[in-house]
Amino acid sequence: MTTQPAEAIHVQGLEKSYHKVLALRGVDFDVARGSIFALLGSNGAGKTTVVKILSTLLKADAGTVNVNGFDAATQAADVRESISLTGQFAAVDEILSGRENLVLVAHLRHLSDPGKVADDLLDRFSLTDAAARRVATYSGGMRRRLDIAMSLVGNPQIIFLDEPTTGLDPEARIEVWEAVKELAERGTTVLLTTHYLEEAEQLADRIAILRDGRIVVNGTLLELKQLLPPAKVEYVEKQPTLEDVFLAIVGHGHGDAGSDRNVGTDD
């Protein structure tokens, strides 16, 4: 019996170039099983490129990428069986009902009882009452929850969420946050990219900030906040927010704030 590694994802020395422009410059990080790992970065930092390589949609130029114990370069089929990817926009069929969308994906995955799979996921994501409605009538939050539910057909061990709440209103965003938290509580490993710093604060067990193709900090929220001294306002100590940390590192590129740091690890 093969023992699975403690890390659901292991990335070391990851490099990727586009037309001689180096997009990833030696990215290193690990994601523990059953945890939520948030990858932050400005536009063009390389977040989506990392996700595409992890999900075998792109090949790395150099480095080691191991997903669920499988090498992404040589065991791509095994990696795909272990994961699911939810992109920046909901990939649902608006003509079909919510239940029909789920049944369709279950058929495509050759599952034995597509109807039961669909009903279980509708219940899990609080969509049972809307199961027979066309998805065109769903709110933004409902569509995103359905999209994530579709990603879970077949019970993948790892799910990648690329900016899962882009374009959603605050109420819908909270709905998605609750769905993501439940994934981790049930043992699913979640790697998400996001532009919303509050999202990372609310969800992530560990946060990495990607800048110019490198991981410049990697740690828990508390560890990242400790990178900046607390501000004192009217004699009351104020801890820095994740936004303060993020902007200090990637905001203007001045000083030495962008130097590589791996917080809370021995690397």
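These are notes on the predicted model shown above, covering its two open sheets, two enclosed elements, some backbone angles and a pocket.

1. The six-stranded sheet. Six strands make up an open sheet whose order is 6-7-8-3-9-10, and the pairing within this sheet is mixed. Strand 6 (83-86) and strand 10 (214-219) stand at its edges, where each has a single partner strand, so that one side of each is left without a neighbour in the sheet. From one strand to the next, the twist averages 15 degrees.

2. Neighbours of strand 8. Strand 8 runs parallel to strand 3 (residues 36-40), to which it is joined by five bridges, and phenylalanine 37 is found opposite leucine 191 of strand 8. Strand 8 also runs parallel to strand 7 (residues 158-162), again with five bridges joining the two, and here leucine 161 stands opposite leucine 192. When these pairings are followed in the structure, it may help to recall that strands of a sheet pair through backbone hydrogen bonds, either parallel or antiparallel.

3. Burial of strand 8. Is strand 8 made up of residues that are buried or exposed? Six of its six residues (189-194) are buried, so the strand is largely enclosed by the rest of the structure. The side chains can be followed in two sets, with Thr189, Leu191 and Thr193 pointing one way from the strand and Val190, Leu192 and Thr194 pointing the other way, and all of them are buried. The cut-off behind this statement is a relative accessible area under 20%. Leu191 and Leu192, which belong to opposite sets, are also the residues named above as standing opposite phenylalanine 37 and leucine 161.

4. The crossover from strand 7 to strand 8. Strand 7, helix 6 (residues 170-185) and strand 8 together make a β-α-β unit, and this unit is right-handed. The two strands of the unit are themselves joined by five bridges and run parallel.

5. The other side of strand 3. Besides its pairing with strand 8, strand 3 is joined by four bridges to strand 9 (residues 206-211), and these two strands run parallel. Within this pairing, alanine 38 has isoleucine 207 of strand 9 as its bridge partner.

6. The four-stranded sheet. A further open sheet is formed by four strands in the order 2-1-4-5, with antiparallel pairing. Its edge strands are strand 2 and strand 5 (70-71), each of which pairs on one side only. Strand 4 and strand 5 are paired in the antiparallel sense over two bridges, and valine 67 has phenylalanine 70 of strand 5 as its bridge partner.

7. The second largest pocket. The volume of this pocket is about 200 Å³, and 15 residues line it, with Leu58, Lys59, Ala60, Ala72 and Ala73 lying nearest its centre. Which elements each supply at least two residues of the lining? They are strand 4 (62-67) and helix 2 (76-82), and strand 4 gives the most, with four residues. Sorted by class, the lining holds eight nonpolar, three polar and four charged residues.

8. Helix 1 and the residue that follows. Six of the eight residues of helix 1 (residues 47-54) are buried, so this helix, too, is largely enclosed by the rest of the structure. The buried residues are Lys47, Thr49, Val50, Val51, Ile53 and Leu54, a list in which a lysine and a threonine appear beside valine, isoleucine and leucine. After helix 1 comes threonine 56, which has a positive phi near 70 degrees.

9. Two loop residues with positive phi. Histidine 19 has a positive phi of about 50 degrees although it is not a glycine; this residue is placed in the loop between strand 1 (7-18) and strand 2 (21-32), and it is exposed, with a relative accessible area of 79%. Asparagine 155, likewise a residue other than glycine, has a positive phi near 55 degrees; it lies in the loop between helix 5 (140-151) and strand 7, and with a relative accessible area of 63% it is exposed.

10. The loop at glutamine 226. Glutamine 226 is found in the loop between helix 8 (221-225) and strand 11 (231-233), and at 57% relative accessibility it counts as exposed. Its C-alpha atom is separated by 7.8 Å from that of proline 240, a residue 14 positions apart from it along the chain.

Technical notes. Residues numbered from 1 in each chain as written. Predicted model: local features only at pLDDT ≥ 70, side-chain atom pairs only at ≥ 80, totals over all residues. Heavy atoms only, no water. 1 Å grid on protein atoms, 1.4 Å probe; cavity = no way out; pocket = protein on both sides within 12 Å on 5 of 7 lines; lining within 4 Å. Points joined across faces, edges and corners; volume = space filled by probe spheres on them. Nonpolar A, V, L, I, M, F, W, Y, C, P; charged D, E, K, R; others polar. Buried < 20%, exposed > 50% of the residue type's maximum accessible area, 1.4 Å probe, protein only. Pairing = 2+ DSSP bridges. Right-handed = clockwise from strand over helix to strand, strands pointing away. Axes fitted to C-alpha atoms, helices over the stretch in contact; angles between N-to-C directions.
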